[in-house]
Amino acid sequence: MPCGVSVSQPHTPYRLSAHYSVFFNSSKVLSLSFLPFSFSFFASVSLSLLYIFFVASGFCWLGVVMEDGEWVMVRKPAEKDFWNPTSMDLADTSKPLKVTFSGPAKHWTDAIPIGNGRLGAMVWGGIASETLQLNEDTLWTGVPGNYTNPNAPVALSEVRKLVDNGEYAEATKAAVKLSDNPSDVYQLLGDIKVEFDDSHIKYTEGTYHRELDLESATVRVKYSVGDVEFTREHFVSNPDQVIVTKISGSKPGSLSFTVSLDSKLHHSSQENGKNQIIMQGSCPGKRIPPKVIANDNPKGIQFAAVLDLQISEGGVVHSLADKKLKVEGSDWAVLLLVASSSFDGPFTMPSDSRKDPISESLNALKSIKTLSYSDLYAHHLDDYQNLFHRVSLQLSKSSKSNLKDGSVEIKKVKSSTTYSYFSKSEDDAISTAERVKSFQTDEDPSFVELLFQYGRYLLISSSRPGIQVSNLQGIWNKDIEPAWDGAPHLNINLQMNYWPSLSCNLKECQEPLFDYISSLSINGSKTAKVNYEASGWVAHQVSDIWAKTSPDRGEAVWALWPMGGAWLCTHLWEHYTYTMDKDFLKDKAYPLLEGCTSFLLDWLIEGPGGYLETNPSTSPEHMFVAPDGKPASVSYSSTMDIAIIREVFSEILSAAEVLGRKNDALIGKIREAQTKLLPTKIARDGSIMEWAQDFQDPDVHHRHLSHLFGLFPGHTITVEKTPDLCKAADYTLFKRGMCVTTTSW
């Protein structure tokens with residue numbers, strides 16, 4: 001499937017052309033779980049999309065490239081070399097970037113996510129009642145923790161001895177002694193519930209339409225009851241930090257409903273005048289169900305939310321006894337939801353926080369009280385589209401679009417919001433769920449365009465400068481006990497959230513990740529010193545808002561993986577290669593890389609043959625069959641371990657070159673260690689070996705592709721330099737089941 005990408009220049013100048021292009025030709029199909037917080041209606045996509053997202057950074061080089069294992073500077077392209085997209089209007093041929101539904105959501109994964117990075121909501125689009133499930137990104141259980149284990153060095157020595165003796169199953173059992181407590185848990189904020197009268201149940205069949213417009217980051221719902229058309233619009237403004245809902249009826253005085261604000265967390269509510277509901281509550285100080293109030297439960301994060309109601313002239317608002325507001329006879333109504341918490345950073349106990357969530361929420365609402373709905377929407381559009389409109393993508397089935405020189409003709413997308421919000425084209429009449437089904441037999445390129453832009457939308461909506469890092473579900477969550485605690489997982493998921501940030505021209509959205517790495521380095525230095533008697537800093541497989549750096553609870557197969565911080569550090573150098581921001585490299589990236597590599601040097605130990613090994617070592621969440629036939633997960637020098645270390649070493653060497661620090665003592669140690677790392681090996685069956693030995697794999701379709709890190713996101717397996725490894729990587733994908741339905745990354 002031919003494809004092209006047009007990327008607009010951001011405000012901060014990149015050292016690249018104003019646009020760049022990517023061209024691929026592939027029609028293989030796979031099932032892709034797009035980002036950890038993806039939704040079920042996007043179940044199948046073209047392999048071309050996978051290439052665009054995950055390899056675009058390699059094709060669209062921006063100032064530096066990997067060569068012979070090191071990053072080297074390249075010349076800035078001449079203006080004549082810049083790709084110039086054909087200036088043609090695509091407005092008439094490109095399908096609208098809308099995710100559409102023909103009915104209300106029946107499951108959480110069918111609801112529509114909206115967000116501004118800090119505040120989020122899932123919009124269900126019910127008819128007789130509408131539900132907005134609310135989130136605020138700092139609502140977590142717990143308090144800052146102690147992420148060290150003074151007994152770990154003794155356990156580490158025991159595990160290493162067992163590994164050296166080839167007793168891998170026994171080492172796997174003993175490694176549980178290195179595990180620690182679980183992470184804390186991401187919480188929800190609450191629900192806004194809007195209830196209409198029974199007449200709405202008898203809406204006119206065929207009039208219902210629900211959509212997410214990616215161009216405007218707005219959810220719209222419409223349906224008719226008799227001769228009245230009801231519409232709702234939902235968006236979350238980043239400039240004004242508010243969740244906004246407008247409900248309208250097409251006839252004057254036709255709108256009546258009841259609205260309430262509730263939460264599953266421990267809370268209380270009160271009315272504030274005739275048009276506001278104030279809710280305040282707290283997160284558990286420990287990861288226990290919030291209904292259980294234990295005496296030793298420390299004070300957790302406090303929160304507040306304020307729901308403000310505005311209606312048209314002629315309408316009436318009543319306060320009901322059960323802390324609900326009732327609207328009667330209005331033309332329209334606008335709901336504003338603001339929220340805040342007492343969270344004051346990962347190192348401050350909630351009991352010591354001086355933040356007042358109620359005052360902050362009321363002040364936030366006061367600051368926008370004079371703004372009309374149109375003002376709020378205009379602010380929202382200007383902010384969102386400044387990011388979203390940087391990239392346009394057009395795919396085409398026909399080879400006729402290929403030009404003689406092998407490039408692709410790309411038509412510039414017109415940035416316009418002048419079309420009717422609910423104009424129904426033939427394409428709009430087909431729901432996204434139906435497009436998913438039809439994609440199995442007809443690879444509609446515009447559907448891949450939609451998925452591509454939906455991924456960018458999710459990143460914009462879940463990660464903005466100055467807020468928390470995007471967690472396992474972005475910012476969206478309906479449970480007090482979400483799957484995998486909703487916690488950032490550092491063995492793929494957190495990194496995957498941010499893969500589109502640079503190649504898709506959203507570098508600002510990556511800033512929370514760098515702030516988070518800084519916090520991890522502080523706690524991680526304590527973990528490295530106490531647990532492993534090492535310098536530098538370390539982070540493991542899972543973390544939380546308190547920047548947990550110790551191993552997870554439970555079995556070593558997932559808990560024992562001290563490469564989380566090292567993998568995250570590769571994002572620092574990648575950011576520099578895109579932006580060429582030397583101040584960022586010097587002040588932020590290099591100190592973190594320095595601490596990370598200090599730990600890695602201490603973690604590596606010399607093994608047989610003079611090679612440096614990691615011991616103990618796991619391949620994330622994957623078991624193997626040991627030579628004695630026993631299941632195990634702990635051995636030495638997994639392929640992913642060494643690939644990450646090799647990548648980090650190459651990056652800090654290149655960074656030292658840029659900063660004039662190549663003669664530092666640390667750099668000398670890295671150069672020496674770099675030559676002693678185990679090479680990537682090919683197994684007997686022709687695939688990339690996942691472990692240092694060619695162990696039997698009991699789950700050849702395992703969801704992780706950890707041993708292909710050197711191919712992506714790493715840079716050490718390339719067609720030019722390592723063709724044999726590339727061939728082995730190709731077979732590895734086939735062996736993993738990438739040619740059939742799979743959720744592998």
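**Sheets, helix pairs and local geometry of a predicted model**

Proline 616 is placed in the loop between strand E24 (612-613) and strand E25 (624-625). Helices (H or I, at least four residues) and strands (E, at least two) are DSSP runs, numbered from the N terminus. The peptide bond that leads from asparagine 615 into proline 616 is cis, with omega near 5 degrees. The model is a predicted one: local features need pLDDT of at least 70, and side-chain atom pairs count only at pLDDT 80 or more, while totals for chains, interfaces and linings use all residues. Residues are numbered from 1 along each chain as its sequence is written, and side-chain values use heavy atoms, with hydrogens and water left out.

A cis peptide bond also runs from phenylalanine 712 to proline 713, with omega near 5 degrees. Proline 713 lies in the loop between helix H15 (665-674) and helix H16 (723-736). Another loop, between helix H9 (500-503) and helix H10 (511-532), holds asparagine 505. Asparagine 505 is not a glycine, yet its phi is positive, at about 65 degrees.

The strands come next. Two strands pair if DSSP finds at least two bridges between them. Nine strands form an open sheet in the order E6-E11-E12-E13-E14-E21-E18-E17-E16. The pairing in this sheet is antiparallel. Strand E6 (98-101) and strand E16 (266-271) stand at its edges. Each has a single partner strand, so one side of each is left without a neighbour in the sheet. On average, neighbouring strands of this nine-strand sheet are turned by 15 degrees against each other, direction ignored. Such angles run from 0 to 180 degrees between N-to-C directions, and the axes are lines fitted to C-alpha atoms, for helices over the stretch in contact.

Within the nine-strand sheet, strand E18 (residues 302-311) and strand E21 (residues 332-341) run antiparallel and are joined by nine bridges. Opposite leucine 309 stands leucine 335 of E21.

An open sheet of seven strands has the order E7-E8-E9-E10-E15-E20-E19, again with antiparallel pairing. Its edges are strand E7 (112-115) and E19. Each of these has a single partner strand, so one side of each is left without a neighbour in the sheet. Neighbouring strands here are turned by 20 degrees against each other on average, direction ignored.

Two pairs illustrate the seven-strand sheet. Strand E8 (residues 119-123) pairs with strand E9 (residues 129-136) in the antiparallel sense, over five bridges. Alanine 121 has leucine 134 of E9 as its bridge partner. Strand E19 (residues 316-319) and strand E20 (residues 325-330) also run antiparallel, joined by four bridges. Histidine 318 has its bridge partner in E20, lysine 326. The hairpin of E19 and E20 has five residues between the strands. In this hairpin, lysine 323 takes a positive phi near 60 degrees.

Helix packing follows. Helix H12 (residues 564-579) packs against helix H13 (residues 582-603) at an angle of about 155 degrees, with the axes 10 Å apart. H12 and H13 are therefore roughly antiparallel to each other. Angles under 35 degrees count as roughly parallel, over 145 as roughly antiparallel, 65 to 115 as roughly perpendicular and the rest as oblique. H12 passes H13 in a left-handed crossing. A crossing is left-handed if the near helix is turned anticlockwise from the far one by less than a right angle, and right-handed if clockwise. The contact (heavy atoms within 4.5 Å) includes Cys569, Leu572 and Trp573 of H12, and Phe584, Leu585 and Ala589 of H13. By class, this contact has 12 nonpolar, two polar and one charged residues. Ala, Val, Leu, Ile, Met, Phe, Trp, Tyr, Cys and Pro count as nonpolar, Asp, Glu, Lys and Arg as charged, and the others, Gly among them, as polar.

Helix H6 (residues 432-439) and helix H7 (residues 445-462) cross at roughly 125 degrees, and their axes come within 10 Å. H6 and H7 are therefore oblique to each other. Their crossing is left-handed. Thr432, Arg435, Val436 and Phe439 of H6 meet Ser446, Phe447, Val448 and Leu450 of H7. This contact has five nonpolar, two polar and one charged residues.

Aromatic rings were also paired. Rings of Phe, Tyr and Trp (its six-membered ring) pair if their centres lie within 6.5 Å; planes under 30 degrees apart count as stacked, over 60 as edge-to-face and the rest as tilted. The count comes to 27 aromatic pairs. One pair is stacked, tyrosine 454 with tyrosine 457, because the ring centres are 6.2 Å apart and the planes are at 20 degrees. Tyrosine 454 and tyrosine 457 are three residues apart in helix H7, so about one helical turn separates them.
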